[in-house]
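Good morning, colleagues. Please turn to the structure on the screen, which I shall introduce briefly.

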Amino acid sequence: MPIAQLRDAFEHDCYVGCINFFVAHDCRDDGEVHALVFERAELARRCRNATQFMEASGVRGISEYTDHRRIYELAEWCLGRLNARTSAAGLGIFAQQLCTIAKRHGDAWIRTWCGYLRVDCIENWWLLHRFYLDGLCERPDDDAYYLGLMAGVPGTDLQMPLEQFIRQHPDLLEHDIWRFFEIEGNDVYSLAKYEGEIGWRDILVQLSREGIIDRKALLGATIQAMQRGFSPHRTRWYCKLHEVLAPTPDERLALKDDYLQLCNTGSDPVVSLAVQALTTVRKNHELSSADLLYALPFALGSKVKGNVRAALSLLDRCLQTGAEQREELLSMICGAFCHDAADVQQSALALLRRHNAFDSPVVLARLAQYTDLLAPAIQAELPRTLVPASHASEPDVAALVERVRAIPGDWQERLDIAPCLDALASGTLWTKPLDLRRIPPRADEAYADFAPLRNMDDLLDSCQLYLRDPLDILLAERIFEALGRFGHEQSETFRQHAAPLLQQAERALRSIEDVSLLPEFCAVVISWISGEVPSVADPMDTLHKLWVQRCMEIAERVARRQPFVLASTPTHGHRLSPALLRKRLSQGTFAAADLAFSLLRLAPYDASVINQVQQQPGAGEQLDAIARILRHPGMVWTASVYLKREQATYPGRTELWDSWTAADTVIEVVPELDDLRTSFLSSTPWHPETPFCLFHTSFPLHPEIRHVAIGNYAAACHAAADAFFSRRLRPEHLDHPDLPFGPSGWFMLATCLFCVDDVIRDFAGELLSDAIADGRLGADGVEWMLATYCRNGLATCKRITPSIEAAAAAGPLQVAVLRDGILGALPRIESWPRDSFALLQCLHDLLVLSGSTVDRQPARHVLAGIKGSSKAARLAMAILAVETSRHKAVFERQATAAALSGRLRRYEEWRSSDGGRGN
Amino acid sequence: MAAEAIDYAWCYPFASRLRKLPQGQSLELATGSDVLDFPYFLHGRLLTPHLTAQQLLLVSRVAGARFYMPPSMLPAGALLADPVVTSGAGKLRFEAFSQCCGVYCRLDLLSTAIDGTFMRRGTTNVDFNRPMCDALAGIRPTDRVLLSVGRDRVELETDDQRLLERQVDLPRRWYKGFVEVQSYAAAMQPVFEVSGPIACRFLQGLAQQVPAKSEGHLVLRQNGLNVSRRPLPNSIPCGGIERLRPLHAISHHALGMRFYTCTRESVLGCEMLFPESRLLVIASPHACRGFSGEGQAISHLLRELDEKTLEELRRHLEEAEQLSFEALAAETKRPKVDLLTAVATLGSRGLIGYDLHDSAWFYRQLPFRPEQVDSMHPRLEAARALVDQGLVEVLSRSRGSLTEAYVQGSGVKHRVRELPDGYRCTCAWFTRHQGKRGPCKHILAVRLQDQDACRQ
């Protein structure tokens with residue numbers, strides 16, 4: 001009986017059996033088959049999974065991991081039912097059979113079905129292709145159809161090498177593969193994406209070698225693809241294909257106009273290819289001035305050094321041959337000054353000089369537009385008339401000095417005003433950083449930065465806002481603090497006003513799937529409004545356990561609708577004032593999580609005090625507050641301070657190095673839950689006040705390294721920057737008075753400065769500049785930082801120098817400090833990194849800007865020791881040859897005035913924050 | 001959920017092309033129409049052909065660009081990749097809007113860029129096909145290029161002059177964004193201007209990859225333009241500034257670049273200045289955020305002006321071609337509030353654009369029929385429905401103005417309050433956007449109710 005075959009196929013979830021049955025039997029009018037198929041299909045649709053279906057139908061042969069509905073949908077399709085959801089994915093090997101069945105249903109049916117298939121052209125590629133080959137539909141024109149081929153769907157579905165499949169299908173060779181050069185694709189489907197998996201490049205090159213596809217057409221197609229403005233990383237694939245095809249000199253010459261045109265595409269990889277190709281063409285065929293004037297402006301303004309250099313070389317050659325439009329060509333060279341690398345600018349300037357460009361007023365006029373972009377060392381080489389007006393004008397210090405003299409005596413002493421004024425009077429340089437330990441913290445009012453919520457409306461609004469932005473930890477703290485203060489004062493309208501919030505919190509709690517801070521916050525909100533504490537699933541992630549514990553403690557307290565004090569809520573500057581904490585601690589009893597939080601908020605900034613806790617209880621506000629926490633019966637803790645000596649173990653060797661977080665402190669707080677100890681020391685930043693935890697992150701990418709630090713360096717940098725930018729760390733962390741430049745400040749600056757990410761390094765430049773401007777960072781700090789990092793090879797000089805240059809652009813004080821920092825670091829860098837020329841170029845610029853020479857013997861010795869013909873050696877010679885400039889004295893007075901101005905600003909900020917109370 | 005779309009069909013009498021002539025080349029841009037009336041705007045000679053060609057290519061590139069694509073989304077076929085051209089006020093303007101609805105680009109060719117005659121005023125699409133763009137890329141500075149936008153006589157009989165039909169499903173958000181961007185432009189102010197070389201270096205340094213959501217602050221320093229991650233004095237907020245990277249392709253021709261910002265939102269305007277032309281780019285606050293749904297003009301639309309008044313104002317603008325707000329007020333002698341409503345209404349119908357450089361509105365009728373976009377502001381419609389159904393419950397008034405009300409939401413009553421810094425609502429939409437994308441429907445309902453009460 002035929003139907004028995006179908007039952008058997010259904011019983012075993014056997015697609016082959018099902019399809020073969022329908023190929024062999026046209027059952028469109030067979031009521032028995034209809035009944036079987038549609039009943040089963042309906043039942044399958046009603047059942048949520050295969051297990052449920054097997055129980056309901058009595059079928060036993062289906063894997064519980066398969067989609068039990070699919071075979072019935074296929075059978076329905078065979079009987080002519082059109083269902084937009086039926087997919088042909090993965091059934092490529094049955095293409096011919098399915099076509100046979102489809103043909104029975106008529107053209108209109110097929111057209112409708114093809115419409116459905118085209119919704120997902122990629123998955124259904126093979127069937128659409130088969131329909132097209134059999135004349136059942138027109139060739140699909142959707143980009144997705146060609147992406148299906150690009151992604152190798154036929155190869156996967158037919159279990160046949162893709163190259164073989166293509167060779168067997170002339171239609172693909174004649175049409176489809178050429179569409180590859182018109183369709184960019186996306187992050188998931190593109191030629192670049194599938195290169196590793198499929199190797200389209202090799203396939204096309206091989207077919208071209210065999211003459212199956214036209215080589216000339218292929219070269220032309222790559223050029224057209226390069227003109228289409230695809231994203232650079234996808235365009236690179238076409239560039240590479242073009243180069244792998246290795247055009248002969250004749251072919252290149254024939255494509256000359258295309259290459260000229262490609263130079264204007266605005267895409268760096270394409271311009272690279274085009275300029276290199278033109279360089280090759282030029283070997284056998286001179287390029288005209290008109291060609292170069294048309295093609296090279298963008299290449300000269302390119303970010304890629306190689307493009308600029310190649311363009312300069314082409315121009316040089318053209319000028320040597322006595323080209324026409326000489327002035328235009330020379331003017332065009334100025335475009336290279338847009339590049340920020342001094343060596344590139346140097347090459348362009350040398351080219352101008354070589355061709356006597358400075359005799360031409362046209363060129364000089366053009367060059368004048370670019371002088372501000374030139375590196376200082378290059379500016380010094382310009383013709384005298386073009387040197388930009390010196391920034392070294394005498395500073396107007398009279399008003400500044402008058403304001404500084406008005407600073408009270410004790411503050412004058414703290415800020416080292418007297419030596420600074422002496423230096424200013426004598427015209428010498430003064431860049432010594434402040435001793436921040438001597439300077440009292442800004443006395444902002446408690447809550448000044450914390451901005452407590454004022455009333456119930458604020459509280460309700462803030463709760464809603466937090467549900468949208470759970471990373472705003474400070475907002476959560478403000479909410480918790482307000483709940484403790486007036487959350488219990490619920491008016492008659494409270495329930496109605498809070499109803500939308502309750503609805504949102506309940507919805508949020510139901511829909512949270514990921515590890516998040518939200519469930520416990522929702523629990524707090526629900527408890528507060530409804531008076532009942534909802535149950536919240538235990539978080540999988542131990543990182544959040546302390547947070548969870550604290551939130552649930554708060555939830556239970558708000559459910560009671562009584563006022564309460566929260567020991568750990570931060571106050572001003574996102575920190576907890578010791579005095580306030582002591583006061584709070586005297587007001588009641590606190591749970592362990594709350595106390596642990598308060599200790600964390602308090603402790604990281606004062607290692608020495610914590611060290612002395614057990615010896616001198618009650619010796620000060622902070623100490624007293626900590627002692628009170630420690631004496632609390634709910635608190636079991638250990639606290640220790642690490643002056644870290646880091647150790648990294650690589651396969652075969654172990655390295656020790658002085659920790660660059662030497663001043664950093666690590667507090668282990670272990671309240672009752674012993675596993676928290678691990679959390680603190682091995683987690684990414686989970687809490688705004690413990691940035692040092694970043695340094696103890698684990699090594700997912702480098703399991704071979706057993707200890708933390710170097711291997712996870714980039715990840716730590718990213719995490720630190722992420723913490724800062726997502727507001728978990730705030731700028732005031734950079735300026736804690738109790739530690740020089742603050743532990744987190746050092747951390748932030750150093751990690752950002754040496755990070756792999758350009759944007760973060762730009763930010764580091766700003767931090768560096770600010771830190772120098774207000775006396776937090778001096779030359780010693782810069783020296784130590786550079787010596788530490790460069791010595792260990794943690795960061796390349798190329799990576800560091802843009803930030804230093806950006807910082808130096810801020811003013812003479814920054815220039816002086818950074819110059820001295822680099823000079824100090826030179827003798828401490830034992831083995832020079834290969835790209836040391838970048839740092840030397842920066843030093844050269846700083847020396848020129850400050851008009852000074854290398855006056856430190858150790859540094860001179862190091863520079864003199866750099867021998868050879870390398871770029872670094874040439875720079876070292878240039879640095880040693882720098883002579884004292886006449887504007888040096890003015891520059892130094894400017895720098896000293898800037899340092900004085902920074903000190904004044906610090907005092908004035910402190911005074912304004914103090915509210916006139918005096919200290 | 002599939003995006004709501006409007007079906008837009010139009011055609012061109014011929015394919016735009018760059019034709020070789022004995023005396024040079026002729027760039028023939030085909031103007032489109034949906035009623036077989038193909039306008040003829042201009043005929044003349046391009047005075048800076050290479051630059052103009054590069055600028056047109058850039059406009060075309062922006063029109064076809066998708067600076068943000070949600071992960072794993074398949075690239076849809078190009079929406080409206082043909083720019084919209086407007087002839088009038090002695091300028092030829094090419095407008096384009098990116099596929100991701102986050103970047104608006106307009107090239108204003110001044111009359112000094114063309115030695116020729118403006119035949120008539122008007123707005124329509126121009127065909128920018130691939131072969132023509134490829135040919136445009138080949139135009140050299142020394143080439144002599146004639147430009148015609150449209151043709152004086154269109155003959156469709158010959159075989160090679162077949163009508164080119166185009167049909168796209170324009171997402172409503174694309175159209176809304178295109179018109180919404182004008183209200184942003186009107187609220188923008190210039191902040192700083194830099195020279196061409198500085199602009200070139202700045203654009204050169206921008207990353208090629210556009211992050212979905214990046215925040216930055218553009219600041220002018222001694223060493224040029226920088227993007228800081230912190231707000232600094234005199235900095236302007238700029239999200240997804242990498243979207244300006246395509247401008248690098250023509251920056252070496254620029255005299256300078258002027259930056260504008262909008263006080264309401266971190267929308268960035270950037271105008272590249274050339275001797276004979278200007279290129280304006282306006283970018284949304286983030287790459288992943290389009291201009292549609294911003295709802296900046298919706299508050300002005302609460303008041304309804306009668307069609308007669310609107311028509312009168314429209315005629316004024318059409319006749320003048322370009323008018324500043326002050327000039328419009330002086331000419332029409334209408335109250336400012338009426339003009340704001342009129343400008344918002346005309347803007348939402350795609351009838352006017354804003355020229356940042358001249359601080360003036362210019363008349364241009366976007367080539368979409370307004371009836372195709374039956375409801376541009378669903379929020380406003382929903383608010384009207386709430387009022388009509390009596391779902392706004394007034395709680396308190398102060399000095400005749402409504403200050404607190406409940407508005408029925410789904411399953412819960414939302415509370416709307418008027419505070420010194422504006423209205424607040426307890427709904428999820430308001431919480432998410434905090435008024436940055438215009439008021440929610442509950443706030444609009446309360447304001448409508450208040451307006452009705454005042455009228456009575």
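How many helices and strands does chain A have? In this predicted model, chain A has 48 helices and two strands. The chain comprises 919 residues, of which 45% count as buried. Let us also consider how its contacts are distributed along the sequence. Taking the contacts in chain A between residues at least 6 apart in sequence, we find that 71% join residues at least 24 apart.

I turn now to a single position, Thr66(A). This residue is found in a loop of chain A, with α4 (50-57) on one side and α5 (70-78) on the other. Is Thr66(A) buried or exposed? Thr66(A) counts as exposed because 12 other C-beta atoms lie within 10 Å, and a residue with 12 or fewer is classed in that way. Leaving aside residues up to four places away in sequence, Thr66(A) touches Asp13(A) and Ala50(A). Asp13(A) is 53 residues from Thr66(A) along the chain, yet the C-alpha atoms of the two are separated by 9.0 Å.

Finally, let us examine the interface between the chains. Here 43 residues of chain A are in contact with 47 residues of chain B. On the chain B side, several elements each supply at least two residues, among them α1 (49-64), β14 (224-228) and α10 (428-433). Which element of chain B gives the largest share of the side that touches chain A? That element is α4(B), with six residues. By residue class, this side of chain B divides into 16 nonpolar, 20 polar and eleven charged residues.

Methods:
Residues numbered from 1 in each chain as written. Chains lettered and ligands numbered in written order. Predicted model: local features only at pLDDT ≥ 70, side-chain atom pairs only at ≥ 80, totals over all residues. Helix = DSSP H or I, 4+ residues; strand = E, 2+ residues; numbered from the N terminus. Buried ≥ 20, exposed ≤ 12 C-beta atoms within 10 Å, placed from the backbone. Contact = placed C-beta atoms within 7 Å. Nonpolar A, V, L, I, M, F, W, Y, C, P; charged D, E, K, R; others polar.
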